[in-house]
Amino acid sequence: MKANKQFAILSAIGIVMVVASHCDRALNLFNDIFPYTSFFMPMFMFISGYFFKDENVHNIRPYLKKKFFKLLVYYFAWNLIYGIITWVLYNVGLCSQPKVLGWETLIYKPFIDGQQYGFSASLWFIPTLFTVEIAFLIVRKLQLKCKYVKIVDYISFIILASLNIFSVYIAKKGITNEALIPIFKLAFFMVFFQGGKIYKEYLENKELEIPTLMVFGITISINVIIIRIYKNINFPSLYNMKDFSYVSPMIPIVVATTGIWFWLRISKILEKSLGDNKIINKISDHTKDIMAHHIFLIWLANLVLYLLKDLIGLKGFNSERFIATNGWYRYYPEIVQFELIYIFIGILGSLKISDIEKVVLKKLHIGVEKWKKLKKT
């Protein structure tokens with residue numbers, strides 16, 4: 001159970017929003033004012049920045065090793081697994097994505113946009129988070145060398161905010177060379193990581209003194225005005241830095257900030273009632289697993305409907321789209337609430353996969369240790 005209950009709730013809310021956004025219409029948690037895709041990925045960067053410790057700068061090798069195994073090894077292992085699954089399903093006619101297992105799908109695309117396989121598409125965030133964490137480690141090392149760290153932190157935030165706006169400005173024009181996408185994603189996300197660090201170091205206690213009604217009034221008013229002007233402030237394609245064409249370059253950082261602030265305060269309000277909730281804490285501890293597996297689990301639910309549709313007389317299920325969309329088809333019966341089942345399956349199923357993964361890894365570890373002992377004897 002996490003010591004910081006507010007941020008445990010915040011990360012749990014964030015990952016539920018990720019799954020909900022991939023189920024279209026089922027769950028509306030102030031989504032009309034704070035669209036999920038306008039802030040939840042920046043919010044995960046903000047949370048990661050909040051928990052960054054300066055001691056990492058003095059223990060670079062252990063930090064790099066930890067992040068490499070926790071993020072990249074995890075990502076590439078599941079990317080390979082879902083690549084194999086995609087290949088098998090294509091050959092049995094249940095998938096239309098004839099992706100081969102090779103350099104492009106296993107190594108290159110993961111660092112570009114992460115969209116090489118439908119099942120692992122939402123995992124694009126993991127390599128991006130890794131690059132941001134490593135880049136921030138370098139930035140933080142430079143910041144700590146300065147005499148007035150606090151001033152440097154704020155100056156760095158302003159510079160990174162400018163890079164964020166510049167990245168959107170370029171993305172609006174179109175990034176012609178896809179190899180540059182990771183650089184622009186780095187420029188976009190770094191400010192939120194720095195923001196989380198600044199919030200933890202200097203602003204948290206002061207922010208909590210602001211009346212909740214004022215926080216709600218400010219954040220809601222800003223978003224309502226911006227939505228009134230621009231209509232649409234969803235940014236669902238941060239993986240390849242697209243869908244910014246209809247807004248000013250300054251809008252994404254503004255609405256990401258208001259969304260984070262609004263839900264940060266909601267999380268504080270919920271801390272007393274949900275801070276010790278075991279389900280909330282388990283979801284918070286396994287956001288990476290939920291991000292990794294929910295698309296495939298929703299596909300499995302659809303596979304059951306696909307196989308039983310004639311037997312149970314299921315109306316409206318589009319078999320062609322189910323096969324063609326490689327995990328992203330959603331069945332829309334007459335009741336929208338049906339999609340809540342997708343959300344539960346995506347979250348609870350991912351937690352179960354995580355439990356199985358732990359058992360398998362534990363047995364592998366025991367097996368390796370026994371093999372080492374036998375080799376010595």
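This briefing covers two loop residues with positive phi and the arrangement of residues along helix 10. The structure is a predicted model. Lys231 and Asp243 are both found in the loop between helix 8 and helix 9, and helix 10 comprises residues 278–285.

**The loop between helix 8 and helix 9**

- Lys231 is found in the loop that runs between helix 8 (212–230) and helix 9 (251–274), and this residue has a positive phi of about 70° although it is not a glycine.
- Lys231 is exposed, its relative accessible area being 62%, a value that falls in the exposed class because that class begins over 50%.
- Asp243, which belongs to the loop between helix 8 and helix 9, is likewise not a glycine and has a positive phi of about 65°.
- Asp243 is partly exposed, with a relative accessible area of 33%.

**The two sides of helix 10**

- Within helix 10 (residues 278–285), the buried residues include Ile280, Asn281, Ile283 and Ser284.
- These buried residues lie on the same side of helix 10, because the arc that they cover around the axis is only 160°.
- Lys278 and Ile279, by contrast, are exposed and are placed on the other side of helix 10.

**The start of helix 10**

- At the start of helix 10, Asn277 contributes a side-chain oxygen that reaches to within 2.9 Å of the backbone nitrogen of Ile279.
- Ile279, whose backbone nitrogen takes part in this approach, is one of the exposed residues on the other side of helix 10 from the buried residues.

Definitions and conventions
Residues numbered from 1 in each chain as written. Predicted model: local features only at pLDDT ≥ 70, side-chain atom pairs only at ≥ 80, totals over all residues. Heavy atoms only, no water. Helix = DSSP H or I, 4+ residues; strand = E, 2+ residues; numbered from the N terminus. Buried < 20%, exposed > 50% of the residue type's maximum accessible area, 1.4 Å probe, protein only. Arc of directions from axis to C-beta. Polar contact = N/O pair within 3.5 Å; in protein donor to acceptor, adjacent residues only side chain to side chain.
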